[in-house]
Amino acid sequence: MAGMDVSLKEMMTIDGAVGAAVVDYGSGMALGTLGGSKDLDLQVAAAGNTEVVKAKLRTMDSLGLKESIEDILITLSGQYHIIRPITGRSGKGLFLYLALDRGRANLAMARHQLRGIEEKLEV
């Protein structure tokens with residue numbers, strides 16, 4: 001099992017990573033962040049992406065879908081943003097957020113690596 005700091009560091013080793021966060025989607029607060037830039041405020045991204053997760057969960061509930069979210073992918077012209085809800089008991093109500101430089105990232109590998117990080121994370 002890995003702690004939050006170790007997991008954030010692992011997230012930042014993914015090719016193309018520009019910012020990483022562990023977010024509580026109940027409050028919208030980032031519990032931990034690493035990276036970011038003047039153009040990527042991870043605290044603002046945490047709060048905004050909380051609304052994305054909540055909206056998707058509400059929609060799934062309205063549709064009667066009994067599935068869980070693996071990840072939510074947002075593609076921008078220059079970046080990929082991956083939101084991955086944590087499925088373990090200790091991580092209920094949390095998600096991993098990873099922003100990638102689209103020109104340097106391999107999306108399939110990033111999703112694979114993020115899944116492995118999520119499985120090892122102990123919050």
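## Two helices side by side

The axes of helix 1 and helix 3 come within 10 Å of each other and cross at roughly 175°. Since angles over 145 degrees count as roughly antiparallel, helix 1 is therefore roughly antiparallel to helix 3. Please keep in mind as you look around that this is a predicted model.

Which residues bring the two helices into contact? From helix 1 come Ser-7, Glu-10 and Met-11, and they meet Leu-114, Ile-117 and Lys-120 of helix 3. Two of these residues, Glu-10 and Lys-120, also join their side chains in a salt bridge, with 3.1 Å from N to O. This pair links distant parts of the chain, with Glu-10 in helix 1 (residues 4-12) and Lys-120 in helix 3 (residues 107-120), 110 residues apart. Glu-10 is partly exposed, at a relative accessible area of 23%, and Lys-120 is partly exposed as well, at 39%.

## More salt bridges

The count of salt bridges comes to 6. One of them joins the side chains of Arg-111 and Asp-71 at 2.8 Å, N to O. Arg-111 lies in helix 3 and Asp-71 in the loop between helix 2 (42-63) and strand 3 (72-75), so this salt bridge ties together parts that are 40 residues apart in sequence. Are these two partners buried or partly exposed? Arg-111 has 28% relative accessibility and counts as partly exposed; Asp-71 counts as buried because its 18% relative accessibility is under 20%.

Arg-111 and Asp-71 also belong to a network of salt bridges that takes in Arg-84 and Glu-118. Elsewhere, Arg-104 forms a salt bridge with Asp-101, where the closest N and O atoms are 3.7 Å apart. Asp-101 is partly exposed, with 26% relative accessibility.

## A hairpin and the loop that follows strand 4

Strand 3 and strand 4 form a hairpin, with 3 residues between them. The two strands pair in the antiparallel sense over 4 bridges. If you want a spot to look at in this pairing, find Ile-74, which stands opposite His-81 in strand 4.

Ile-86 is found in the loop between strand 4 (79-85) and strand 5 (94-101). Is this loop residue buried or exposed? Ile-86 is buried, because its relative accessible area of 6% falls under the 20% limit. Its C-alpha atom is separated by 13 Å from that of Gly-3, a residue 83 places away along the chain.

## The nonpolar cores

The largest nonpolar core holds 20 residues, of which Met-11, Val-22, Leu-96, Leu-98 and Leu-100 touch the most other members. Which elements each supply at least two residues of this core? They are helix 1, strand 1 (17-24), strand 4, strand 5 and helix 3. Apart from this core lies another, of 15 residues, among them Leu-40, Met-60, Ile-69 and Ile-83.

Leu-98 is a good place to explore the contacts in more detail. Leaving aside residues up to four places away in sequence, Leu-98 touches Met-11, Ile-14, Ala-17, Gly-19, Ala-20, Tyr-80, His-81, Ile-82 and Leu-114. Several of these names have come up already. Met-11 and Leu-114 are among the residues where helix 1 and helix 3 meet, and His-81 is the residue opposite Ile-74 in the strand pairing.

Notes: Residues are numbered from 1 along each chain as its sequence is written. This is a predicted model: local features need pLDDT of at least 70, side-chain atom pairs count only at pLDDT 80 or more; totals for chains, interfaces and linings use all residues. Side-chain values use heavy atoms; hydrogens and water are left out. Buried means under 20% relative accessible area, exposed over 50%, partly exposed in between (1.4 Å probe, protein chains only). A salt bridge is a side-chain nitrogen of Lys or Arg within 4 Å of a carboxyl oxygen of Asp or Glu. Two strands pair if DSSP finds at least two bridges between them. A nonpolar core is a set of buried Ala, Val, Leu, Ile, Met, Phe, Trp, Tyr and Cys residues joined through side-chain atoms within 4.5 Å. Contact means heavy atoms within 4.5 Å. Axes are lines fitted to C-alpha atoms, for helices over the stretch in contact, and angles run from 0 to 180 degrees between N-to-C directions. Angles under 35 degrees count as roughly parallel, over 145 as roughly antiparallel, 65 to 115 as roughly perpendicular and the rest as oblique.
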